[in-house]
Structure formats: C-alpha cells, structure tokens
Amino acid sequence: MRRSHPLVVGAVLVGLICILAVVSFFWTPHDPGLVDASIALQPPSRTYPLGTDGFGQDIFSRILVGARICMLVGVMAVTIGALLGVPIGILAGMSRRHVGRRIMRWADIFYAFPALLLAILLAAANGTGSTMTAMIAIGISSIPAFARVANTASRSVMSRDFVAAARSSGIGWTAIAWRHVLPNILPVVLVQVSSALGRAILAEAALSYLGVGTQPTTPTWGRMLYDAQKFVYDHPAQIAVPAVFIAITVLGFNLLGDGLREALDPRLRQEA
Amino acid sequence: MGALLRIRDLRIGFGRAEALHGIDLTVGEGARVGIIGESGSGKSVTALATMGLLPDTARVSGSIELGGRQLVGLSDTGFARLRGDVVSMIFQEPMTALDPTMRVGRQVAEVLRLHQGAPAGRARERVIEMLSQVGLPDPERISMSFPHQLSGGQRQRALIAMALINQPELVICDEPTTALDVTVQARVLRLLDEQLDAAGAACLFISHDLAVVSQVCDEVLVMYRGTIVESGPIAQVLENPQHPYTAGLIATARIDQIEPGRPLPVIENFWDGKEGRP
Amino acid sequence: MRALGAIARQLLSLAGSLLIASFIVFALINALPGDVAATILGPNSDPASIAALRERMGLDRPLLLRYVEWLGGLLTGQPGSSALSGAPIGSIIGPKLAVTAWLATLSMLMGVVLAVPTGLYSAVRRKRADGVIISGLTQVAMAVPHFLVGLVLMIVFAVTLRWLPANGYTPLTSNPLQWLRHLVLPVAAIAVVEAAMLIRYVRSAFIDVLNEDYFRTARAVGWRFVPAVIRHGLRNASLEVITVAGLQLASLFVGSIVVENVFLLPGLGSQLLTAVNQRDLPVVQAIVMIFVAIVLVINTVVDICYHLLDPRVRAQDEETSS
C-alpha cells in the first residue's frame, strides 16, 4: 500500500481543485469582480478568508472562479492534444517502420511550436488572446508528445501474438486499431494525459500572467500573480495565494501521473 | 599447496532476511572449486562478497581471507585494488556485460593500465596478444569493434581476456556459459580450462549445471538455501552423494537414464527438505 | 564518411523543417481570417488609414509572393520593417537577441551543473532518506512555474535582503559586474525549475546504468565507484539525458519570454510581448520565427550529438545508408 502514495496524494489534490471549480458555479463568498478601492489589500479576515487584492476584490472568490478556467483550459487542451496526437501515433505505429518514422517526423514539426510561442502567435493574429486561443495553442503543442507515446506503445502491441492472430484471421486494420491497439495503449495514454494536464496548467498560468491568454476581467490564477506583482515591495504576501494554488494543481497532476505509471509498470514499482 | 581463499562462518543478511547462514570453504592455490545449487541458494552472494560487490545494504559477518588478507570490512578502495588484479570475475551475461559505447580493445586495455600503469603502446600489444590467446580470430579487428558488432561467444571471450590479462590468483566464474548456445558453451569451457591452467590461477566456479562443473572442477560444494550441504572431490560426490539433495540433483541431471513413459525425476522425490539438514 | 552522410541528412531535414515552420508562422499571421492592417490599427481605425497601411505594407500583392519575399529577407537578416516605427526589424531585435541568448545559455549551464551531480547522488542514495527527500523536492519544484520562482527570488534577494537588483539590465561590455548582478536572479529562476526536471531524468538514467551488467563489469575489473561512474556511466547515461536536455534547452528559450517579463530584461521575449501589445505584426512574426528556428536547430544538434555518442545508432545509419 505504501507504493500508491503518489497516486492517492495526487488524486486528493486534483479532486480538491475540481471541487473548488464546481463550487464556484453555485457559490462564492463575494462577487469575484466587485471592485472596491476602500478595502484594497486587506489581510485575511472573517469576511475575506484570504484577504483582498489591490482592487479590493475578494481573493478567495477569485481563486474559486480561477479554478474553473484552469481546469477548463487544461482539460480542453489535453483533449485536443490526445484526440489529434493519439491517432497519428497509432497510424505511425501500425505502418511499416520507415513509413511510421516519416509520419513521426512530420508530427515532430509541432515541437518547434511550444505552447507559449503558438499562443502568442495566435493572440497576435487575432488582435488579442482569449481562453480559446490559449486552449488551442496548448492543445496543438501537446500533439507530438501524445503521438510519440501512442506510436511506441502501438508498435509494441503490433508485435504481439494476438495481433498476428487477428491479422491472419482477416480482420481489417481499423478493427485491429479499435479492438486491439487502442485498448492496449490506453494505460500509457492515460499516464500521458495526467502529466500533460500538469504542463497545460503551467502554460495556462504563464499565458494569463503575460496577458496573452484569458483576458484580465475574468479571474485567473496567472493574472492574479501579475496583479500581485505590483505590490511586491509593500505586500509581498499577495503572491502567495495564487502561487500555492497553481503549485498544488500541477503537483497533483504530476503525482497522479507518476502514481499511474508506477501502478501500471511492475518493474518501476520494484525500483522505487 | 597453501590455501588461497579461506572463508569462515560467512553470514550475509539483507534487511531482516539472512541469505547466507555461516558457510566455510577453502580454495587452494591453483585449485578448481565448483559451487552448485539452485537460484537463491546463496552461491552468487558468496561470489559477490568475495569480490566486495555486494550492495551496501548487505550485512556481512565472518571472515574471508584471500592470500592472507582479510576482506570482510575492507574499504571499497582496498577492494578495488584487488579486483581485476588479484581476483577477477566472469559473469553470466556476455551480451550486456561490455560497455556498449566503448571499443572492445580499449575496455580490455583499461584493465591492464588500471593495475599496471602500462604505457598505451605496450598495453595495445598485450591486448592484441591476449585477445588472440582467448581464441578470437583477427584480434586487431575485434579490438577496434564495438560490443554490438560481436557475437555472444566472442563477447564472453573478450570478457575472459579482461579477467585474465593481469594474471589473477583467483578467478570467480558465475555461470559463465549459461547464456551461450550449447555448441559455443563447450568451446568456451575448454578455453577457460586451458587459460586457467596456463595462468596457474585458482577458480571458484558457480553453476547450477553439474555437467559443466564436473568438466572444469576438481572439488565441488553443494549449496542449498544459504548453507553448504555437501562438499568433496567431484568424483566422490557424483558417485556417492551423502546428502539426499545432492542425490536428487544428480538424478535430475541424468536424462539419459530416464525410462520412457515414466515421469521425470524431481528433487522432491529424493528429499523433502527436512531430513539430514545440517 | 558515413557519419558525415548522416549529419548531412540531419541538416537537410533541418532545412525542410525550417521551411515548413516558416510557412506555418507566415500563414498564421497573414492567412487567418481578419485583415492584417485592420488588426494592426485596432478596432477603432478608419477605413482610409487601413487602406494606407495596406498600401505601405504591400498587403495587396499575392500571399505566396509576400511569403517568398519574407523568406528571402529572413535569410539575408532583414525580415521587413516595423509596422509602427518603420524601423528595420534587424536593428530592433539584434541587441535583444544577446540578452536572451545569455539568459538561456547561462540558465542551461547552471541547470546542468546543478542537475548532474544531484541526480547522480539521488540515484546512488535512492533508498536512503536524503535520496528520497531530493526526489520529493524536485517533484515540488517541477510544479512551480518559472515566473513564480522568479517572483519569490525577487522578494527574497531583491526586496527583502536588497542584495541584487529586482529588474533591469546592463550590457556585458559596459559593466561586467552589473551585468552579472542583473542576470543572477533570472538565471536562477529558470535554472531551478529546469534542474528539477533534469534531476529526475539524470536520476532515472543513472539508476538504469548502475543496474547494468557493464557497470558491474567495470567495478569487477577494479574501478572504484566514482571513476567507474565517470568512465562507464556518464556516457551511457548521457545518451538518455541528452535528448531530454536538448528539448529542455528549447523550452528554456521559450520560458525566458516569461522570465524576461518578470525582471524587465530587454530581451527578445520582452520585445515580443511589446510587439504583441502594440499589434506590430511584422515584428511578432520575425521574433516568433527566430524562436522557432532556435528550437529546431537545437533539436538537430541534439540528434547529431546522439549519433556521435552512440555507436549502435551509428551502426544503424550505416545499415540504412548502404
């Protein structure tokens, strides 16, 4: 049981953030957008559990709503990445070796466009960034990682006996991909999903911080950090709250990924 | 003939478990001693303890004397000076036992220069000589090859060259032929036999295969679950085993004596694991 | 000779990737729905000035022609001029490139210097308390974005202790000491996070190597532990680490965009953000292309290193080329 610590801790942290995001739809202690300069930069109190920011907005309410954007962008981006990357990887893994290598080379072009760069490019082309451009940019940049994982895994599935048996009994390629390859590579893809979520949320925070992702009136953790930075000399503690929440979320997904990997790979379990 | 290696009451533990329950063994100068036993019987642990290559989580007590030097409690630096020079070891997996990124000749030369500080030119000559001595064809080419360009048998010969190039007093062989094809096995064994003779080195030969041990060794020890259950000259042990476990080992190895239609003999037919335990 | 052939093939494929990537950058800016001139001038511009800008930037000419011109300009170091000031882009970004290059290379250097010994140490002591603690710390450090580490370092060393400047930059040539003082915090911010990731890879690569039979052979022929690791471990472990480190160096250039903005360093990243906010599309396009080219070149260099280090891969090349 000691072995599954990362899995449990990761699941708890991620679960916590999900709950925050869900709760924000029904209840926040204050209106997260309500500006009131007379109560700016207050320390935590009974009315404002985590204090107020430079505009007098309730930090706790903004954290709750920020969890939404963070999860939304993370989940949508990873969905884009997985839906495009995994089929490319399977296709390459089921092709002959040199054809597969060529397909992967094309997918690798996306490595040249890290999330941040692509998001900036999209924001520039559109005039401003938005939650949508952030999702698309992060999603596209995670394609090659998914393709790579799916490629390696499906190539090893293809060399197994049950695939040879299926092929010799005349089952078509698409059927093999659906019935044999996909179910067998799902565990590795799942591990990749988890660590990709961690990376996507880091990228989302960076984009909001720079102002090229979700636009400022919507509360995001990255933008909260940017706003807090102005008060770094007099109120350095302002950056602590959003910082901790970003770190908890990413840590949660990373641990979840590591835990899943360990649970799925008996060799690693021995080593750890 | 004096004793080269003298092990007394050697106990080795990992965590709460004890892998070796106090064994005694002696290898005379130039003698060939075989250790036989199933996996987990403690034979490899004994070898690794003699080489000082146990993981640092192992607890070792008792005494291992090599040529009068006490090895138990020796520092890693002290051991390193002996390894490859006074005592060397040949392992089971020739396919993976050579560094894949380094040319074979350089790996052999390293062993020479590490202990004798020979200049590069002289070392190269000696390496080529050694490679041809272990029966590698075209030693010049082999020395310039990377491990992945050689066959398993060739790699094991290269490893034997590494083990013998400094003319050690004791060579420990841990299942050196198990991973090889049967035909290659026989040739490598013969080579090992010749080379040990030529170097006058003593040998501790570990195997689970009685036939292999009887080809190389004069004496044999039978190990079972961390103890030595029987020892003696190889002919005597083979003809007249004292311990039922040994009898079982011998019977299961003699496939030629099995009557068609009868089940294959297993150790349990001979010994229930209780009677006659020391 | 065959190794040279393999390198030539890598370079050729780099040229191909650069061409495709440049087309993607160009197309994203110029071919997405929405007029470039209108985007530059913003939502409240009048049609007459939009038409004038279109005229000045030559936007009425065919897309493909403009792409080829831009490509030619890139190759000769003159990829157009700013839509705002009309200044040549080369002269705008030239001085900024040095700042970013210093930031990225120093961070990588510091990251590697931190990560290799620490990773090795935690691999050797993976079952001891300190090894486990290092693993835990890297896990936490990986969950923190660069800019956040930057903010924390700024609060501690610039705001509270006042040892180092919180922001700004001095060129190396005008005052080396000031230059260093300005770079310490941004470099540390990037290096800490990169090192954390690298430590995990170095650790797992060394755990693999320490369990390898050839490492045991090296010990059995008389190498002490540390020399054995240096002679037979480093090279083999580096094969696993180098790919990751290369990808990281690439991500680190991009990460510098954010950190430059935290510490107000006048580098490429700050210039890029400024250009985005000013809607100066030609400048954005050029800077993004520079970053993309840096990433692709690094990846190619990593591939080539990998080929030179691993004789097995070299052998594969020889098989495929013959």
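The following exercises, each with a worked solution, concern a predicted model.

**Exercise 1.** Determine which pair of chains has the most contacts, and how far apart the nearest C-alpha atoms of chains A and B are.

*Solution.* Begin with the pairs of chains that touch: there are two of them. Of these, the pair formed by chains A and C has the most contacts. Turn next to chains A and B, which do not touch. Their nearest C-alpha atoms are separated by 14 Å.

**Exercise 2.** Compare the radius of gyration of chain B with that of a compact globule, and describe the extent and burial of the chain.

*Solution.* First, take the chain length of 278 residues, for which the radius of gyration of a compact globule would be near 19 Å. The value for chain B is 19 Å, so the two agree. Second, consider the extent along the principal axes: the C-alpha atoms occupy a box of roughly 60 × 50 × 35 Å. Third, apply the burial criterion of under 20% relative accessible area; 53% of the residues of chain B satisfy it. Fourth, examine the surface, which amounts to about 12400 Å², with 48% belonging to carbon and sulfur atoms. Finally, among contacts in chain B with a separation of 6 or more, 66% involve residues 24 or more positions apart.

**Exercise 3.** Establish the strand order of the open six-stranded sheet in chain B and explain why β6 and β10 each have one side without a neighbour.

*Solution.* Chain B contains 10 helices and 10 strands. Six strands form the open sheet, in the order β6-β7-β8-β3-β9-β10, and the pairing is mixed. Strands β6 (87-90) and β10 (227-233) of chain B stand at the edges; each has a single partner strand, and therefore one side of each lacks a neighbour in the sheet. From one strand to the next, the twist averages 15°.

**Exercise 4.** Characterise the pairing of β9 with β10 in chain B and locate the helices α6 and α10 relative to the sheet.

*Solution.* Strand β9 (residues 219-224) pairs with β10(B) in the antiparallel sense, over six bridges. One bridge joins B:Tyr224 to its partner B:Thr227 in β10(B). Helix α10 (residues 244-253) of chain B packs on the sheet, where it touches β3 (32-36), β9 and β10 of chain B. The direction of α10 makes about 105° with that of β9(B). Helix α6 (residues 152-164) of chain B lies across β6 and β7 (170-174) of chain B, and its angle to β6(B) is about 170°.

**Exercise 5.** State which feature UniProt places at residues 97-302 of chain C, and give the helix and strand content of that range.

*Solution.* The unreviewed UniProt entry places the feature "domain: ABC transmembrane type-1" there. In the model, residues 97-302 of chain C are 83% helix and 0% strand. The end C-alpha atoms of this range lie 22 Å apart.

Definitions and conventions
Residues numbered from 1 in each chain as written. Chains lettered and ligands numbered in written order. Predicted model: local features only at pLDDT ≥ 70, side-chain atom pairs only at ≥ 80, totals over all residues. Heavy atoms only, no water. Contact = heavy atoms within 4.5 Å. Pairing = 2+ DSSP bridges. Helix = DSSP H or I, 4+ residues; strand = E, 2+ residues; numbered from the N terminus. Axes fitted to C-alpha atoms, helices over the stretch in contact; angles between N-to-C directions. Rg over C-alpha atoms; globule rule 2.2 N^0.38 Å. Buried < 20%, exposed > 50% of the residue type's maximum accessible area, 1.4 Å probe, protein only. Areas by Shrake-Rupley, 256 points an atom, 1.4 Å probe, with all protein chains shown as cover. UniProt positions renumbered as here; feature names shortened; annotations may be inferred.
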